[in-house]
Amino acid sequence: MQQVDVVAKKELNADSVNKVTFVKTEQIAQDTYYFKPTQVLDYHRHPGGDQIFFVHEGEGTFFLEDGKEETLALSPGVVVLAPKNVWHKIVAKTELIVSQATVQPAGFEKR
């Protein structure tokens with residue numbers, strides 16, 4: 001059994017969003033993203049599966065584009081789904097901690 005306190009492990013990078021993988025198996029991966037204010041996890045998609053985001057700390061905006069762009073406010077306790085093969089990105093307003101879980105292999109495509 002593995003237990004990690006992702007908030008206590010907070011580590012910010014000055015120039016880019018810090019991504020830390022805490023759990024990875026052949027079937028699922030869990031990563032946590034640590035954002036400084038205004039940092040962006042730019043548009044990308046996963047052709048092999050859905051991705052679920054869990055907000056632990058901070059505020060930001062989640063963007064989803066599948067023909068038209070939609071936005072959702074991110075704050076602690078919010079859970080957001082990025083469906084398979086749909087473009088999505090995150091923009092931090094404050095320091096922001098967001099974890100995600102994705103089926104493996106999900107694939108990865110940048111816009």
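I began with strand β3 (residues 40–45), which pairs with β8 in the antiparallel sense over 3 bridges; here strands are DSSP runs of E with at least two residues, numbered from the N terminus, and two strands pair if DSSP finds at least two bridges between them. Within this pairing I found V40 opposite V91 in β8.

Before going further I noted that this is a predicted model, in which local features need pLDDT of at least 70, side-chain atom pairs count only at pLDDT 80 or more, and totals for chains, interfaces and linings use all residues. Residues are numbered from 1 along each chain as its sequence is written, and side-chain values use heavy atoms, with hydrogens and water left out.

Next I looked up the other partner, β5 (residues 60–65), and found that β5 and β8 pair in the antiparallel sense over 6 bridges; V91 in β8 is the bridge partner of T61. I then asked how many residues of β8 are buried. In β8 (residues 87–92), 5 of the 6 residues are buried, where buried means under 20% relative accessible area, exposed over 50%, and partly exposed in between, with a 1.4 Å probe and protein chains only.

I followed the strands outwards and read an open sheet of 5 strands in the order β6-β5-β8-β3-β10, with antiparallel pairing. Its edge strands are β6 (69–74) and β10 (109–110), each pairing on one side only. I saw that β10 is joined to β3 by 2 bridges, and that H44 stands opposite K110 in β10.

I turned to the largest nonpolar core, which has 16 residues, and noted that F35, F53, F62, L74, I90, L96 and V98 touch the most other members; such a core is a set of buried Ala, Val, Leu, Ile, Met, Phe, Trp, Tyr and Cys residues joined through side-chain atoms within 4.5 Å. Leaving aside neighbours within four places in sequence, I listed the contacts (heavy atoms within 4.5 Å) of F62, among them F53, L74, V80, H88 and I90.

Last, I looked at the surface, where I52, F54, V79 and L81 make a nonpolar patch of about 320 Å². Patch residues have over 30% relative accessible area and no salt bridge (a side-chain nitrogen of Lys or Arg within 4 Å of a carboxyl oxygen of Asp or Glu), and nonpolar side chains are joined within 5 Å. Both β4 and β7 supply at least two residues of this patch, and V79 lies in β7. Why does V79 count as exposed? V79 counts as exposed because its relative accessibility is 51%.

Definitions and conventions. Helix = DSSP H or I, 4+ residues; strand = E, 2+ residues; numbered from the N terminus. Patch = residues over 30% accessible without salt bridge, like charges linked within 9 Å, V, L, I, M, F, W, Y side chains within 5 Å. Areas by Shrake-Rupley, 256 points an atom, 1.4 Å probe, with all protein chains shown as cover.
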